[in-house]
Amino acid sequence: MRTFIVKASKAKTSPDFKLNDLPGTSGRIDVLCRALNSAFLLSHGFRKNVRVWLLLYGPPNPPKAIRFEGARLRVRLNPDERSTAKLIMRALEAGKKLREPGKELEVFPGLYVSNLTFEDVVRRTLKNSELYYLHEDGRPIEEFSFGKNVAFVLGDHEGLPGEDEAFLEGVAEKISVGRKSYLTSHVIAYVNIFLDSLTPPP
């Protein structure tokens, strides 16, 4: 299983953004849509061995966690950002019903929303996966040997705040795909391609 955890510090936590103006009204949920596409989509296929957590930390509500589970996902992910943003919008709409902390609500098969925090998701992931923090100052990805269950933490276009980086110290290896600061979606695509290269073709 490959897990990608993406924290978006300004992504809106209510579904009242405009699908026709994602960059201007959603706190850059368009960045998250591109991350999802890079995580799951192939030219003529779909990755079922991938899980993506989107941690939305913008206004106006408390943080929301949206989980996409590739093996169970029954809604169609298309390459266009608008239709993907609509799924996120539906998840946030369903998330209004949440009352219990930590309880996940299944919006569609394989798509979940909860009030889990960034720290909650990292702790949950650590129970069954090796954890890596993707950052340009990390050790090159080529120097690592990966197990079967791996998880990667990324920020959005603004990166992770200092307190999150401090939380990850000691629990996540800092790993790099290059010394430049790349787009979140490009980093995810690179990691997927790199891990594919380590697996012999069927």
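**Rings, helices and single residues: reasons for the terms**

Author: Both F144 and F146 are buried, where buried means under 20% relative accessible area, exposed means over 50%, and partly exposed lies in between (1.4 Å probe, protein chains only). The model is predicted: local features need pLDDT of at least 70, side-chain atom pairs count only at pLDDT 80 or more, and totals for chains, interfaces and linings use all residues. Residues are numbered from 1 along each chain as its sequence is written, and side-chain values use heavy atoms, leaving out hydrogens and water.

Reader: How many aromatic pairs does the structure hold?

Author: There are nine aromatic pairs. Rings of Phe, Tyr and Trp (its six-membered ring) pair if their centres lie within 6.5 Å; planes under 30 degrees apart count as stacked, over 60 as edge-to-face and the rest as tilted.

Reader: Why is the pair of Y132 and F144 called edge-to-face?

Author: The ring centres of Y132 and F144 are 5.5 Å apart, and their planes stand at 85 degrees. The distance satisfies the limit for a pair and the angle satisfies that for edge-to-face, so the name applies.

Reader: What makes this pair a tie between parts of the chain?

Author: Y132 belongs to strand β8 (residues 130-140), while F144 is in the loop between β8 and β9 (150-155), so the pair ties together parts twelve residues apart in sequence. Helices (H or I, at least four residues) and strands (E, at least two) are DSSP runs, numbered from the N terminus. Both Y132 and F144 are buried.

Reader: Why do F144 and F146 count as stacked?

Author: Their centres are 6.1 Å apart, with 25 degrees between the planes. That angle falls in the stacked range, so the pair is given this name. Ring pairs also link F4, Y132, F144, F146, F152 and F194 into a cluster.

Reader: How do you know that the charged end of R139 sits over the ring of F144?

Author: The charged end of R139 is 4.3 Å from the centre of that ring. A charge sits over a ring if NZ of Lys or CZ of Arg is within 6 Å of the ring centre and within 35 degrees of the ring normal. The charged end of K7 likewise sits over the ring of Y57, 4.0 Å from its centre.

Reader: Why is R28 called partly exposed?

Author: R28 has 26% relative accessibility, so it counts as partly exposed. R28 lies in the loop between α1 (22-25) and α2 (29-40). Its phi is near 70 degrees, a positive value in a residue other than glycine.

Reader: What makes the span of helix α6 close to expectation?

Author: Helix α6 (residues 184-198) has 15 residues and reaches 22 Å from its first C-alpha to its last, against an expected 21 Å. The expected span is 1.5 Å times one less than the number of residues. The buried residues of α6 include V187, I188, V191 and F194. The buried residues of α6 pack against β1 (2-8), α2, β4, β8 and β9, contact meaning heavy atoms within 4.5 Å.

Reader: How do α2 and helix α3 pack, and at what angle?

Author: α2 and helix α3 (residues 81-95) pack at about 105 degrees, with their axes 9 Å apart. That makes α2 roughly perpendicular to α3, since angles under 35 degrees count as roughly parallel, over 145 as roughly antiparallel, 65 to 115 as roughly perpendicular and the rest as oblique. Axes are lines fitted to C-alpha atoms, for helices over the stretch in contact, and angles run from 0 to 180 degrees between N-to-C directions.
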